[in-house]
Amino acid sequence: MAGVADIRRRVLMISGAIDTVDHDVSVCVNLPEPGVWQVIKSETNLTDRTWVAMQAATDEDSVFVNDADTLVMSRQFSKSFITPDQRRLTFYGGEVRPGEAVVKMYSLETTGRKPTYAYSRYSPIATDGPETMAKTLEQLVAEGMPQRPVIEVIVPVTVIG
């Protein structure tokens, strides 16, 4: 994974790939300064499973911005949910098949220069029927995805602007 931070526009772009199905990915980003950053994140699904939801959970020094002026969206997912404490963001209502890329956009407010957030993905079990999958997804959005073992990644950031 790698990132670019445009200081003038307060935009952070991160790209990379995920090739694990049994781990969450913890991402630490080295920002040029704390504050509110619009994040545009792209990653490729290098696993053999289809993702039907993606969750990001922040560290104690960061929150997702949740106001009328902030875009929270993904090309692959039609819905998003931010918890009332603004520490967890879930994208759902779509899918990312093996080999496809996903693009997400949201804003992150951080008091430090090295925010860390963990990404989880949900792939339904092949034997789950549509009703079971829908119920499981509804529960995961409301309660959060259970934490799995974590792979930690430090993302180098090139500063422009």
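**Entry 1: Val 39**

I start with a cut-off: a residue counts as buried when its relative accessible area is under 20%. I keep in mind that I am looking at a predicted model. My starting residue is Val 39, which sits in strand S4, residues 35-45. I looked up its relative accessible area and found 1%, so Val 39 is buried.

Next I asked which residues Val 39 touches, not counting those up to four places away in sequence. The list is Leu 12, Lys 104, Met 105, Tyr 106, Ser 107 and Leu 108. I also checked Leu 71, which is 32 residues from Val 39 along the chain; their C-alpha atoms are separated by 10.0 Å.

**Entry 2: Thr 111, for contrast**

I then moved to Thr 111, in the loop between strand S10 (101-110) and S11. Is Thr 111 buried or exposed? Its relative accessibility is 66%, and exposed means over 50%, so Thr 111 counts as exposed.

Leaving aside neighbours within four places in sequence, I found Thr 111 in contact with Pro 34 and Asp 61. I also took the C-alpha to C-alpha distance from Thr 111 to Ala 101: they are 10 residues apart in sequence and 30 Å apart in space.

**Entry 3: the whole protein**

Time to step back. I counted 1 helix and 13 strands in the protein. Along the sequence I read the pattern β-β-β-β-β-β-β-β-β-β-β-α-β-β. The radius of gyration is 15 Å, close to the 15 Å that the globule rule gives for 161 residues, so the protein is as compact as a globular protein of that length.

I noted the box filled by the C-alpha atoms too: roughly 50 × 30 × 25 Å along the principal axes. Of the 161 residues, 40% count as buried. Among contacts with a separation of 6 or more, 78% come from residues 24 or more positions apart.

**Entry 4: the open sheet**

In what order do the 6 strands of the open sheet run? I traced them as S8-S9-S5-S11-S3-S12, with mixed pairing. At the edges I found strand S8 (77-82) and S12, each of which pairs on one side only. Direction ignored, neighbouring strands of this sheet are turned by 20° against each other on average.

I followed some of the pairings one by one. Strand S5 (residues 51-58) runs antiparallel to S11, and 6 bridges join them. Here Ala 57 has Ala 118 in S11 as its bridge partner. S11 (residues 116-122) also pairs with S3, again in the antiparallel sense, over 4 bridges. In that pairing I found Cys 28 opposite Thr 116. On to S12 (residues 150-155): S3 runs parallel to it, and 6 bridges join the two. The bridge partner of Val 25 in S12 is Ile 151.

**Entry 5: a second look at S3**

I wanted to know how many of the 6 residues of S3 (residues 24-29) are buried. The answer is 6 of the 6, so this strand is largely enclosed by the rest of the structure. I checked each face as well. Asp 24, Ser 26 and Cys 28 are buried on one side, and Val 25, Val 27 and Val 29 are buried on the other, so to speak a strand with both faces covered.

**Entry 6: helix H1**

Last stop: helix H1, residues 130-143. It lies across S5, S8, S9 (88-96) and S11, and runs at about 155° to S9. I did a length check: at 1.5 Å a residue, the 14 residues of H1 should span 20 Å, and the end C-alpha atoms are 20 Å apart, which agrees.

Which residues of H1 are buried? I noted Leu 137, Leu 140 and Val 141. Viewed down the axis of H1, the buried residues fall within an arc of 95°, so they line one face of the helix. These buried residues pack against S5, S8, S9 and S11. Turned away from that buried side, the other face of H1 carries the exposed residues Glu 131, Lys 135, Glu 138, Ala 142 and Glu 143.

Just after H1 comes Gly 144, and I noted its phi as positive, near 95°.

Methods:
Residues numbered from 1 in each chain as written. Predicted model: local features only at pLDDT ≥ 70, side-chain atom pairs only at ≥ 80, totals over all residues. Heavy atoms only, no water. Buried < 20%, exposed > 50% of the residue type's maximum accessible area, 1.4 Å probe, protein only. Pairing = 2+ DSSP bridges. Axes fitted to C-alpha atoms, helices over the stretch in contact; angles between N-to-C directions. Contact = heavy atoms within 4.5 Å. Expected span 1.5 Å × (residues − 1). Arc of directions from axis to C-beta. Rg over C-alpha atoms; globule rule 2.2 N^0.38 Å.
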